[in-house]
Amino acid sequence: MNDKKQYSKVPSSRLSRLAKLGSLATRVASGMVAEGAKQLATGHRPQISELILTPNNVKRVADQLADLRGAAMKVGQLLSMDSGDLLPPQLTELLSRLQANAKPMPISQLNQSLELQWGNDWQQQFSQFSFYPIAAASIGQVHKATTQDGRLLALKIQYPGINKSIDSDVNNVATLLNISGLVPKQLDVSELLNEAKKQLHAEADYLLEAQYVKQYRQLLATDTRYVLPEIADDLTTKHILAMTFVGGIEVEALVQQPQAVRDHAIELAFSLLFKEVFEFRLVQTDPNFANYRYDLDSQQLVLLDFGATRVYPVAITEGYRQLMTGAVVDDQSQMLAALKQIGFFSQPIEPQAQQALLALCLEACEPLKYQGVYDFGQSDMVHRIRDAGQQLSMKQGYWHTPPADAIFLHRKLGGLYLLAAKLKARVDVHKIFLPYMTE
């Protein structure tokens, strides 16, 4: 576990991060030249996309973005989740590699971060501290520790310099993707990247996340189906989030469990999403599966990460209530009015484009419309939504970037659909949504 090769220092200055991306662009270009020469020698005249998306170049980009962590890695994750089949399969594969854990920072860099936040004598507060993280992701890594007064904690420790590098990281990665041709020219991701900056700034503020954890604990205080950590205020800072350690198994590991267990976990996830949208108007929008765990003994869903929490205006949540109700009762005029209220038709749009968007919404609402237990394992809905979205985005004048609130809510719902499909869950989503329908 302590093999030094597993560690990787996080570049914290803007110059060092830019240099890393610059050297990456050079190596991608060199790889293209070498691959081009090799293919020309065999009599094949390659296309530019074939040269960029070679396995070696894909690995170079994935490794470099994972090495940078922070916004660079997060942008890759956002693009992989939002763009789906719009991207070439090699790039989708590259970006999906960034969903996996990052390499942890070296112990010397970790200790330096802890001294900055807690002072030189920080170790005196703990009877036990595990220097090797139990998880390492894009913004920070998580360590297990026991305090002198016996509290077992999970400590989310932010990588140094990450919060200061967000805007430049996002811009640098966008430039790299454009120059390299890794993203199709017709795919406009500028709005997504701007929203990524805002979300990342919020995620990098651990004091803000601590407030959201407390808010969710209060909102779910009487609902015993969910477990949330408690915040240890005495050890929490802007760059360290200290929480009680909660158990359970990774939600993806439920694939090995009986059907009833998988169904129950997904049922709880849908119940929570509808509560968030229609009751709390507060949504944890990150669809990453790692944000959930499941306690097999207590049959509770464990909620871990609230960095991507977003407050939703009443007009938006009521718009979605109308949209989903319209889909269930098959009232397309109600759905069109709802889409307008949400902000979809803020720019001129052709009537046939409106109909295409309606059709896409009806596809996405299929589990809500279906009366009875919906079998996610047997459904190809996720692929149909991707295909319809791809066709819509490629038609001139058909697609405008949806409002940010919609983008993040769709990501969350899409992520939940993917998890339900992965676990082959069978859930009566219609029954869960029924109490929230408009009269």
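**Exercise 1. Place Asn163 in the chain and describe its surroundings**.

Step 1. Asn163 sits in the loop that runs between strand E4 (152-158) and helix H7 (166-180). The model is a predicted one.

Step 2. The relative accessible area of Asn163 is 25%. Buried means under 20% and exposed means over 50%, so Asn163 is partly exposed.

Step 3. Leaving aside residues up to four places away in sequence, Asn163 touches Gln158, His201, Ala204 and His239.

Step 4. Asp205 is 42 residues from Asn163 along the chain, and the C-alpha atoms of the two are separated by 8.1 Å.

**Exercise 2. Decide whether Tyr226 is buried or exposed, and list what it touches**.

Step 1. Tyr226 belongs to strand E5 (residues 226-227).

Step 2. Its relative accessibility is 6%, so Tyr226 counts as buried.

Step 3. Not counting residues up to four places away in sequence, Tyr226 is in contact with Leu220, Leu268, Ser271, Leu272, Gln300, Leu301 and Leu303.

Step 4. For one of these contacts, Leu272, the separation from Tyr226 is 46 residues in sequence and 8.9 Å in space, C-alpha to C-alpha.

**Exercise 3. Compare the expected and actual spans of H10 and of H16**.

Step 1. Helix H10 covers residues 259-280, and helix H16 covers residues 404-422.

Step 2. H10 has 22 residues, and at 1.5 Å a residue it should span 32 Å. The C-alpha atoms at its ends are 30 Å apart, which agrees.

Step 3. H16 has 19 residues and should span 27 Å at 1.5 Å a residue. Its end C-alpha atoms are 27 Å apart, which agrees.

Step 4. Next comes burial. In H10, 18 of the 22 residues are buried, so the helix is mostly covered. H16 is mostly covered too, with 14 of its 19 residues buried.

**Exercise 4. Work out how H10 and H16 are oriented, and which residues meet**.

Step 1. The two helices pack at an angle of about 170 degrees, and their axes are 10 Å apart.

Step 2. Angles over 145 degrees count as roughly antiparallel, which makes H10 roughly antiparallel to H16.

Step 3. On the H10 side, the residues in the contact are Ile266, Ala269, Phe270, Leu273, Glu276 and Val277. On the H16 side they are Leu409, Lys412, Leu413, Leu416, Tyr417, Leu419 and Ala420.

Step 4. By class, the residues of this contact are 11 nonpolar, no polar and 2 charged.

**Exercise 5. Work out how H10 and H11 are oriented, and which residues meet**.

Step 1. The axes of H10 and H11 cross at roughly 125 degrees and come within 8 Å.

Step 2. An angle of 65 to 115 degrees would count as roughly perpendicular, and one over 145 as roughly antiparallel. H10 and H11 are therefore oblique to each other.

Step 3. From H10, Phe274, Val277 and Phe278 take part, meeting Thr317, Tyr320, Arg321 and Met324 in H11.

Step 4. The residues of this contact divide into 5 nonpolar, 1 polar and 1 charged.

**Exercise 6. Do the same for H12 and H13**.

Step 1. H12 and helix H13 (residues 351-364) pack with their axes 11 Å apart, at an angle of about 100 degrees.

Step 2. That angle makes H12 roughly perpendicular to H13.

Step 3. Gln332, Met335, Leu336 and Leu339 are the H12 residues in the contact. They meet Gln354, Gln355, Leu357, Leu358, Cys361 and Leu362 in H13.

Step 4. There are 7 nonpolar and 3 polar residues in the contact, and no charged ones.

**Exercise 7. Where do Gln299, Asp330, Arg281 and Lys424 lie, given their positive phi values?**

Step 1. Most residues other than glycine have a negative phi.

Step 2. Gln299 has a phi near 60 degrees and lies in the loop between strand E9 (292-295) and strand E10 (300-303). With a relative accessible area of 49%, Gln299 is partly exposed.

Step 3. Asp330 has a phi of about 60 degrees, and its loop joins helix H11 (314-329) and helix H12 (332-342).

Step 4. Arg281 comes just after H10 and has a phi of about 50 degrees. Lys424 follows H16, with a phi near 50 degrees.

**Exercise 8. How many helices and strands does the protein chain have, and what percentage of its residues is buried?**

Step 1. The chain has 17 helices and 13 strands.

Step 2. Of its 439 residues, 51% are buried.

Terms used:
Residues numbered from 1 in each chain as written. Predicted model: local features only at pLDDT ≥ 70, side-chain atom pairs only at ≥ 80, totals over all residues. Heavy atoms only, no water. Axes fitted to C-alpha atoms, helices over the stretch in contact; angles between N-to-C directions. Helix = DSSP H or I, 4+ residues; strand = E, 2+ residues; numbered from the N terminus. Parallel < 35°, antiparallel > 145°, perpendicular 65-115°, else oblique. Contact = heavy atoms within 4.5 Å. Nonpolar A, V, L, I, M, F, W, Y, C, P; charged D, E, K, R; others polar. Buried < 20%, exposed > 50% of the residue type's maximum accessible area, 1.4 Å probe, protein only. Expected span 1.5 Å × (residues − 1).
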